[in-house]
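Let us take a walk through this structure together, from one loop residue to the DNA strands and on to the place where the chains meet. Please keep the viewer open as you read.

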2 protein chains.
Amino acid sequence: MSLDRRRAATIEDVARAAGVSRAAVSKVLRNAYGVSPAMREKVGNAVTELGYRPKMAARALGGRSFSIGIGYSDLGNPFFIRMLSGMLGALATTPYQAVITPTQEGARQGLEALEALIDRQVEGIVAVSPRVAQEEIERIAADTPVVMFGRHDVSSAYDAVIGDDAEGTVLAMEHLAGLGHRRIAHLTVAESETLAETPHNIRRRSYTSFMESLGLAEPVILLTEEGQDPAYASVAEVLRAGADFTAIFAAHDDLAIGALAAVREHRPDISVVGYDDVPIARNPAFGLTTVHQPGFEMGARAVELVLERLAGRSEAVHEVFAPVLCVRTSSFPPQPI
Amino acid sequence: MSLDRRRAATIEDVARAAGVSRAAVSKVLRNAYGVSPAMREKVGNAVTELGYRPKMAARALGGRSFSIGIGYSDLGNPFFIRMLSGMLGALATTPYQAVITPTQEGARQGLEALEALIDRQVEGIVAVSPRVAQEEIERIAADTPVVMFGRHDVSSAYDAVIGDDAEGTVLAMEHLAGLGHRRIAHLTVAESETLAETPHNIRRRSYTSFMESLGLAEPVILLTEEGQDPAYASVAEVLRAGADFTAIFAAHDDLAIGALAAVREHRPDISVVGYDDVPIARNPAFGLTTVHQPGFEMGARAVELVLERLAGRSEAVHEVFAPVLCVRTSSFPPQPI
DNA sequence: GTGAAAGCGCTAACAA
DNA sequence: TTGTTAGCGCTTTCAC
């Protein structure tokens with residue numbers, strides 16, 4: 001037990017202590033093929049004796065880094081947190097560590113973030129980066145397995161984990177229409193207009209075509225910023241000005257929760273439906289009717305996909321998760337329509 | 001523009017392309033002292049030409065890894081998410097990347113997680129790991145700057161970011177007592193008994209001594225599991241069995257929110273106060289009276305502390321954040337006492 | 001089954 | 001100011 005505080009033990013030290021070669025130690029460590037039990041034992045002892053821990057950087061330099069890059073866009077969104085939990089949970093049972101980087105601010109930054117991950121020699125990338133051009137992602141995916149969340153622009157170069165946003169929207173809208181609503185507004189974020197093939201954009205387009213194809217009222221798009229508070233403010237303002245709708249379909253629960261507060265304050269007769277089914281939605285204080293997406297499973301699956309690629313798969317897979325309507329009280333306001 | 005897809009450009013390639021030495025390139029990259037403008041220019045061109053990106057693993061092998069390790073304990077807790085946002089936000093303006101690892105399951109695993117970070121050559125560690133023995137942390141901190149969240153067992157070997165939990169508890173309890181409550185229960189998690197010097201343990205002890213020193217009723221500790229649902233279930237059960245208290249002081253908002261649902265269902269006359277002031281607490285659907293802690297700032301500060309250490313500071317600092325009472329509606333139930 | 005030796009890509013001490 | 005060179009710690013042929 002002569003632990004040296006000055007310098008961490010290297011594989012060289014272990015080899016010397018065990019009276020074998022570096023290569024032998026390396027093999028035991030990675031339990032590679034062709035090591036005798038005696039060797040295994042000797043090395044094992046030396047390792048614990050010296051408290052030896054392999055340095056990942058050295059390992060990464062010539063090969064594997066045992067790390068997976070995660071690009072996130074908005075920690076403020078509970079749904080993303082669910083996905084993140086799923087990813088980290090799936091990673092926990094593997095030898096991989098997560099390197100996390102923000103990918104939100106614009107296409108340029110988003111790409112930079114992905115490149116930063118590559119600089120780290122990550123063996124795979126799991127990210128939500130709606131603004132980065134597909135060709136850039138494909139370029140990166142040529143060398144490193146990539147799984148993208150919520151990108152409906154399918155590619156054979158990378159995998160994707162997505163929800164069926166068109167279907168989910170129909171679920172929500174049919175529910176509302178079935179309740180007798182004709183004038184339904186859609187609350188979404190401004191960027192949903194500019195970015196194509198993102199979940200929000202698809203929900204928005206599906207909303208519009210649903211309104212039109214069923215001959216309901218003229219679509220009403222309520223634009224706001226990300227977050228509950230902006231959603232509250234935007235909806236409250238519209239409501240005060242006199243709303244011409246009886247229900248709101250929000251692009252996601254965070255917006256729905258903000259909208260719900262405004263609705264309860266000004267027009268408790270208006271129905272609200274969200275999207276995602278974040279944990280707080282089921283709390284009786286909200287009773288938010290929403291479209292469930294299995295965030296945790298989606299996150300875990302994304303990691304699995306990257307691991308599969310690492311294990312050899314070469315054809316792209318696009319995993320589509322089916323949405324499920326969760327009917328609660330927010331779509332049944334006190335006064336019937 | 002002859003980008004080679006087979007092999008990423010190395011510093012050697014850049015040197016050759018620019019007609020200089022590797023060392024020169026390295027210096028330009030790190031903008032070290034003593035490089036002529038001409039050299040800078042030549043190298044710069046070659047770099048963009050080849051799309052060269054330094055490999056962090058190689059860099060880490062002999063020195064700096066430009067990564068900071070983050071150990072987290074519970075992504076399900078919105079307060080931790082706030083802190084995480086703060087950390088990641090602070091890191092975003094630096095050249096450091098975050099390597100994240102879970103530290104929750106027991107002391108053994110918690111330590112393993114920290115070691116895994118060390119294996120990654122992280123230059124600093126920011127973590128919440130209540131179960132890891134102080135001596136182990138000190139051992140790690142001897143080589144790598146460490147900042148711990150919520151560890152009240154101060155040490156001169158590592159920095160700490162904590163809230164004043166005793167004071168926060170007094171704030172909450174005084175508020176309740178001022179409202180006329182005498183029989184106040186404390187809802188907390190079971191582990192608060194076994195772990196000393198954690199925020200929950202301190203809140204619990206402060207609660208008890210407050211009850212005793214003010215000669216209020218006998219302390220009532222309600223034990224539950226982590227999460228809103230368990231809190232709801234535990235409180236609902238107690239309430240159904242006939243509660244002997246008029247208010248609940250919950251150890252944190254997540255528990256408080258679960259408790260609030262149960263209270264509203266069974267005994268709307270009971271007051272509820274939480275701790276942390278997570279974003280959802282201020283939503284009118286809850287109006288949760290709670291003790292505010294600046295999670296985002298605490299996270300950002302922790303990163304700053306680690307950066308300061310990296311910049312040379314050697315004395316430990318223990319940053320204590322003052323709690324602030326946020327009075328909302330949950331402590332003013334319909335029927336006055 | 002085991003060991004010697006050649007890298008992996010970068011930094012830094014030292015020469016020139 | 002610029003170039004040479006010796007590592008950093010591990011993996012991995014390829015002989016023995």
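Is A:Val35 buried, partly exposed or exposed, and why? In this predicted model, A:Val35 is partly exposed because 16 other C-beta atoms lie within 10 Å, whereas a buried residue needs 20 or more and an exposed one has 12 or fewer. You will find A:Val35 in the loop between H2 and helix H3 (37-50) of chain A. Setting aside neighbours within four places in sequence, its contacts are A:Lys27, A:Val28 and A:Arg40. For a sense of scale, A:Val35 and A:Ile202 are separated by 167 residues in sequence and by 56 Å in space, C-alpha to C-alpha.

**The DNA strands**

Now turn to the DNA. Around DNA strand D there are 27 residues, of which A:Ile11, A:Ala23, A:Ala58, B:Ala23 and B:Met39 come nearest. Two or more residues of this surface are given by each of helix H2 (22-29) and helix H4 (56-61) of chain A, and by each of helix H2 (22-29) and helix H3 (37-50) of chain B. H2(A) has the largest share, with five residues.

Around DNA strand C there are 26 residues, and here the nearest are A:Ser21, A:Ala23, A:Gly34, B:Ile11 and B:Ala58. The elements that each supply at least two residues to this surface are H2 and H3 of chain A together with H2 and H4 of chain B. In this case the largest share, four residues, comes from H2(B).

The table sets out the classes of residue on these two surfaces, along with those on the side of chain B that touches chain A.

| Surface | Nonpolar | Polar | Charged |
|---|---|---|---|
| Near DNA strand D | 13 residues | eight residues | six residues |
| Near DNA strand C | 13 residues | eight residues | five residues |
| Side of chain B that touches chain A | 23 residues | seven residues | five residues |

**Where the chains meet**

How do the copies relate to each other? A turn of 180 degrees, with a shift of 0.0 Å along the axis, lays chain B on chain A with an RMSD of 0.1 Å. That is the relation of a two-fold axis.

Their contact takes 35 residues from chain B and 35 residues from chain A. On the side of chain B that touches chain A, at least two residues come from each of helix H4 (56-61), H5, strand S2 (97-102), helix H6 (106-119) and helix H12 (253-266). S2(B) gives the most to that side, with six residues. Since 97% of the interface residues of chain B are also interface residues in chain A, the copies meet through the same surface.

**The core and helix H12**

In soluble globular proteins, nonpolar side chains tend to be buried together. Here the largest nonpolar core has 167 residues, and those with the most contacts inside it are A:Met87, A:Ala250, A:Ala259, B:Met87, B:Ala250 and B:Ala259. Helix H5 (residues 78-92) of chain B provides the largest share of this core, nine residues. Beyond residues up to four places away in sequence, A:Met87 touches A:Ile70, A:Val126, A:Gly299, A:Ala300, A:Ala302 and A:Val303.

Finally, have a look at helix H12 (residues 253-266) of chain A. Its 14 residues reach 19 Å from first C-alpha to last, close to the 20 Å expected at 1.5 Å a residue. H12(A) is mostly covered, with eleven of its 14 residues buried. Among them are A:Asp253, A:Asp254, A:Ala259 and A:Val263.

Conventions. Residues numbered from 1 in each chain as written. Chains lettered and ligands numbered in written order. Predicted model: local features only at pLDDT ≥ 70, side-chain atom pairs only at ≥ 80, totals over all residues. Near = placed C-beta within 6 Å. Nonpolar A, V, L, I, M, F, W, Y, C, P; charged D, E, K, R; others polar. Expected span 1.5 Å × (residues − 1). Core = buried A, V, L, I, M, F, W, Y, C linked by C-beta atoms within 7 Å. Contact = placed C-beta atoms within 7 Å. Least-squares fit on C-alpha atoms with pLDDT ≥ 70 in both.
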